[in-house]
Amino acid sequence: MLLVIETPPGVVANTIVQAMREKAMFFALRIAVDEIHHAPEPVDGEAWVVSMEGPERPGVIAVVSEALARHAVNIDDLITRKISDRPVTYRMTVEVTVPPDVDDAELLAGLDAAARSIGLHCTARRMSETTL
C-alpha cells in the first residue's frame, strides 16, 4: 500500500516512522517513508485500461512499461495477479494516461507487439469504454 501525506513544516520522515512503529508491529507491517520534495505535475491526457494475460515469466512489467514509455504514456496504477496454477497464468491490469497527441492505432499496435513478444494477449481501451 502507498500512502502519500502532507506534513506540517518541520516534521521529518523519522518522526512519522516512530509514530507508526507500534501500530505497524501489531499488524506485522513494514514501514518505509520517503520524502517527496515537490509534487509531480499532473499528466494531460485520456484514461485507458491495458490488460495483459498469459504465462508467468520474468520481465513482463519491463516489456509493457517500455512499450508505454515509447508513447510517453503515464502509468497511474498497476496490478498483477496469478489467476491459474496449471498452467501458471498471469494477469496484469494497468491504468494509464495517454497523451492527446498519441495515435491510438500506433499505441495499440505497439502494445500488441510487445505482448506477443513474450507470449501474452493484450487488450486496451479507453476508461470511458469500460463497462462495470
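User: Which strands does helix α2 lie across?

Analyst: Helix α2 (residues 60-69) lies across β1, β2 and β3. Helix α2 runs at about 25° to β3. Axes are lines fitted to C-alpha atoms, for helices over the stretch in contact (heavy atoms within 4.5 Å), and angles run from 0 to 180 degrees between N-to-C directions. Helices (H or I, at least four residues) and strands (E, at least two) are DSSP runs numbered from the N terminus.

User: What kind of model is this?

Analyst: This is a predicted model, in which local features need pLDDT of at least 70 and side-chain atom pairs count only at pLDDT 80 or more, while totals for chains, interfaces and linings use all residues. Residues are numbered from 1 along each chain as its sequence is written, and side-chain values use heavy atoms, with hydrogens and water left out.

User: What is the mean pLDDT of the chain?

Analyst: The mean is 86, and 93% of the residues reach 70 or more. pLDDT is the predictor's confidence in each residue, from 0 to 100. Among the elements, helix α1 (residues 13-26) has the lowest mean, 81, and helix α3 (residues 104-117) the highest, 95.

User: Back to the strands. In what order do the four form the sheet?

Analyst: The order is β2-β3-β1-β4, in an open sheet with antiparallel pairing. The edge strands, β2 (74-85) and β4 (121-126), each pair on one side only. Two strands pair if DSSP finds at least two bridges between them.

User: How many bridges join β1 to β3?

Analyst: There are 10, between β1 (residues 46-55) and β3 (residues 88-98). Val-49, for instance, has Glu-95 in β3 as its bridge partner.

User: New topic. How many salt bridges does the count come to?

Analyst: Six. The rule asks for a side-chain nitrogen of Lys or Arg within 4 Å of a carboxyl oxygen of Asp or Glu. One of them joins Arg-91 and Glu-53, with the closest N and O atoms 3.0 Å apart. Arg-91 is in strand β3 and Glu-53 in strand β1, 38 residues apart.

User: Is Arg-91 buried or exposed?

Analyst: Neither: Arg-91 is partly exposed, at 36% relative accessible area. Buried means under 20%, exposed over 50%, and partly exposed in between (1.4 Å probe, protein chains only). Glu-53 is also partly exposed, at 34%.

User: Which residue forms a salt bridge with Arg-126?

Analyst: Asp-104 does, at 2.1 Å from N to O. This pair links strand β4, with Arg-126, to helix α3, with Asp-104, 22 residues apart. Salt bridges that share partners join Glu-46, Asp-104 and Arg-126 into one network.
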